[in-house]
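Reader: I am a first-year student, and I should be grateful for a close look at one loop of this model. Please define each term as it arises, and then place the loop in its wider setting.

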Amino acid sequence: MTDDTAVVTIAGELHLGTVAEWEGRVESAAAGAPAVVLDLTELDFIDSAGVHALFRMVAKADSHGSRLALVCPRERPARRLLQTLSLDTVVPMHETVDAARASAGTASRNVER
Amino acid sequence: MPALSLTISADAGTPAELRQRLDKWLQGLGADERSRADIVLSAWEGCANAMEHAGSTEPIRVDAFASAGGVCVRIRDKGRWLDRGNATRAERGHGLTIIRRLMSRVEIDRRDSGTSLLMCRSLERAA
């Protein structure tokens, strides 16, 4: 089975000053992929502008018909803010890349059926 | 613990200096990791608001000081938080929503000479 899920890592800081750059990187890395996993495991800092950029990435994936899943382990500092701003209501959040990959891949296959 | 005072360029675009200096200052007060993260994020959201909406190129001033049982951070800019920039109204509101959720007291003082945002909360000490 071929796995054409794109896994994109956002590491470091996602905030007002870096959202445009990250959105560009994610868009080119995810282009054409039926399923996209955004790995936030190495994200140290995120602000409200960063969370809104993630909302936009989810919307963009939806509009392209691709399925997006996030990886953000519970103990990571970003996790609480993502939940505070209810990002977890629009996109599934996973502990590991493997779990997210399985979820995004399965979901996209389901959509095709 | 003496108060912390720093200025941030209105076009800094990065919380790096604020994160480093405020976090170190809060560590000096014995604040636990979660309190430090909440306070640093709130302070940055205040600065980001000023950067986006103050309509001023004057530096943003950040003062942090210990208060009875907690800490306060005051963020002052020389602008008036104009409605501008690309963010939607909902997105703009979220910075303040976060601050209000993470801090116990928030006061905004808007004047012709600038905007002052005061945020305070109690501190959980590291074990």
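Author: Helices and strands are here runs assigned by DSSP, numbered from the N terminus: a helix is a run of H or I of at least four residues, and a strand is a run of E of at least two. With that convention, A:S86 belongs to the loop between α3 and β6 of chain A. The model is a predicted one, in which local features need pLDDT of at least 70 and side-chain atom pairs count only at pLDDT 80 or more, while totals for chains, interfaces and linings use all residues. Residues are numbered from 1 along each chain as its sequence is written, and chains are lettered from A and ligands numbered from 1 in the order in which they are written.

The backbone of A:S86 deserves attention, since its phi is positive, about 65°, although the residue is not a glycine. To describe its surroundings, one counts the other C-beta atoms, placed from the backbone, within 10 Å of a residue's own: 20 or more make the residue buried, 12 or fewer make it exposed, and counts in between make it partly exposed. A:S86 has 10 such atoms and is therefore exposed. A:T89 lies in the loop between α3 and β6 (93-94) of chain A as well, and A:T89 is exposed because only 7 other C-beta atoms are within 10 Å. The C-alpha atoms of A:T89 and A:T9 are 21 Å apart, with 80 residues separating the two along the chain.

The loop is part of a chain with four helices and six strands. From the N terminus on, the order of these elements in chain A is β-β-α-β-β-α-β-α-β-α. Of its 113 residues, 43% count as buried. The C-alpha trace of chain A spans about 40 × 25 × 20 Å along its principal axes. The radius of gyration is taken over C-alpha atoms, and the globule rule is 2.2 Å times the number of residues to the power 0.38. For 113 residues a compact globule would have a radius near 13 Å, and chain A agrees with this, having 13 Å.

Contacts are the next term: two residues are in contact if their C-beta atoms, placed from the backbone, lie within 7 Å. In chain A, 78% of the contacts with a separation of 6 or more join residues 24 or more positions apart. Beyond its neighbours within four places in sequence, A:L70 is in contact with A:L38, A:L40, A:V91, A:P92, A:M93, A:H94 and A:A100.

A:L70 also has a place in the core. A nonpolar core is a set of buried Ala, Val, Leu, Ile, Met, Phe, Trp, Tyr and Cys residues joined through C-beta atoms within 7 Å. The largest such core has 65 residues, and those touching the most other members are A:V36, A:L38, A:L70, B:A43, B:C47 and B:V62. Ten residues of this core come from α2(B), the largest share. In soluble globular proteins, nonpolar side chains tend to be buried together.

Where the chains meet, 11 residues of chain A are in contact with 15 residues of chain B. On the side of chain A that touches chain B, α2 (48-63) and α3 (77-84) of chain A each supply at least two residues. The largest share, three residues, is that of α2(A).

Finally, the neighbouring chain. Chain B has three helices and five strands, arranged along the sequence as β-α-α-β-β-α-β-β. Its strands make an open sheet of five with antiparallel pairing, in the order β1-β2-β3-β5-β4 (chain B); strands pair if DSSP finds at least two bridges between them. At the edges stand β1 (4-8) and β4 (105-111) of chain B, each with a single partner strand, so one side of each has no neighbour in the sheet. β1(B) and β2(B) are joined antiparallel by five bridges, with B:L4 opposite B:A64 in β2(B). Seven bridges link β2(B) and β3(B), also in the antiparallel sense. These two strands form a hairpin with two residues between them, and B:G69 in the turn has a positive phi of about 75°.
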